[in-house]
Number of protein chains: 2
Amino acid sequence: MSISSRFSVGIHILTLIEINKDGVSSSEYLAGSVNTNPAVIRKIMGMLKKAGLIKVQPGIAGAELAKDLSDITLLDVYKAVNVVKDKELFSIHENPNPDCTVGRNIQNTIEPLFFSAQTALEKVLENVTIEDVVKDVTEKEKLNVKC
Amino acid sequence: MSISSRFSVGIHILTLIEINKDGVSSSEYLAGSVNTNPAVIRKIMGMLKKAGLIKVQPGIAGAELAKDLSDITLLDVYKAVNVVKDKELFSIHENPNPDCTVGRNIQNTIEPLFFSAQTALEKVLENVTIEDVVKDVTEKEKLNVKC
DNA sequence: TAAACTTGTAATCAAATTAATTACATGATG
DNA sequence: CATCATGTAATTAATTTGATTACAAGTTTA
């Protein structure tokens with residue numbers, strides 16, 4: 001299993017909207033960079049819009065960031081694209097046998113453990129912003145040009 | 001998406017083997033507590049065995065822990081049951097457009113970020129042992145009995 | 001030794017999820 | 001009105017999961 005690439009595509013979209021801020025970031029344009037179908041991009045754009053991260057309007061070409069670069073964290077994107085339900089990064093087997101000590105209690109024991117692992121992951125995502133990503137991408141770009 | 005319940009079932013199995021250490025933990029017995037098919041348990045037992053966490057022998061009923069309770073971490077189980085490939089908790093979209101600044105660099109920018117989030121999660125799992133789980137389960141059991 | 005029981009493992013199946021694709025309603029604009 | 005955009009639904013193939021059945025091979029015991 002793997003967390004859907006909608007997440008990385010979401011990051012890609014926001015990053016490109018910023019880097020292309022003087023141009024028009026239509027779904028077709030973004031799809032060209034991500035290398036996928038424009039409808040896939042529009043679907044994700046809809047999620048980002050719903051989460052208040054971008055501004056898009058039906059009929060009008062192009063998306064813009066709805067917040068400051070440094071106010072959008074990877075956690076915002078992660079939650080926006082809905083790759084993982086709240087508290088459910090890990091799934092726990094259902095209906096363990098209630099007639100067994102372990103079966104009776106295992107879910108309640110495991111749940112908070114899984115939750116704190118999930119939270120640790122989310123904290124890391126919360127500490128990275130799209131601004132960081134944009135900077136790193138442009139940084140790497142400079143290095144590439146030298147080669 | 002969600003991380004396979006093989007993980008929580010693996011924890012359940014190890015915990016029950018310990019709590020039932022005076023009895024025989026056959027795949028059928030374990031399956032009865034987890035509430036699933038014995039073949040599912042045997043498959044997971046095979047993974048736990050391969051990872052050196054339990055001892056099982058063909059033809060001989062019952063599994064035993066192969067290490068001390070306090071030497072088995074949840075991370076050991078997590079890796080044993082193979083729910084997530086190394087470095088691949090998050091998937092990154094493939095073949096972004098190399099003719100675009102973002103497309104060219106996004107993968108290399110994102111990968112270490114995802115990796116550190118994944119590592120943070122694993123660190124939490126590494127700090128919890130089966131001993132902790134066993135203690136918590138028995139603790140909760142005592143509380144239940146009072147009701 | 002034969003019967004009974006176990007683990008190990010492969011094959012099959014339905015259900016769920018993903019990303020890609022097609023299609024089309026609706027909005028905006030020259 | 002023609003053109004192009006977004007929004008969204010439906011369909012598809014591929015992948016993964018957990019359940020199930022089946023059976024080979026090892027062990028025990030009557």
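How do the residues of the surface near DNA strand D divide into nonpolar, polar and charged? Hold that thought for a moment.

Okay, housekeeping. This is a predicted model, where local features need pLDDT of at least 70, side-chain atom pairs count only at pLDDT 80 or more, and totals for chains, interfaces and linings use all residues. Residues are numbered from 1 along each chain as its sequence is written, chains are lettered from A and ligands numbered from 1 in the order written, and side-chain values use heavy atoms, with hydrogens and water left out.

So, the two protein copies. Rotate chain A by 180°, with 0.0 Å of shift along the axis, and it superposes on chain B with an RMSD of 0.0 Å (a least-squares fit on C-alpha atoms of residues with pLDDT of at least 70 in both). The copies are thus related as by a two-fold rotation axis. In chain A, the residue closest to that axis is Leu121(A), its C-alpha at 2.5 Å.

Now the DNA. Strand D is surrounded by 24 residues, and the closest include Lys49(A) and Ser5(B); near here means a heavy atom within 4 Å. Back to my opening: the split is 10 nonpolar, 10 polar and four charged, with Gly counted as polar.

What about polar contacts, meaning N or O pairs within 3.5 Å? Thr36(B) puts a polar side-chain atom 2.5 Å from a phosphate oxygen of strand D. For Ser27(A), a side-chain N or O atom is 2.7 Å from a phosphate oxygen. Gly62(A) uses a polar backbone atom, at 3.4 Å from a phosphate oxygen.

Conventions
A polar contact is a pair of N or O atoms within 3.5 Å; within protein, one must be able to donate a hydrogen and the other to accept it, and residues adjacent in sequence count only if both atoms are side-chain atoms.
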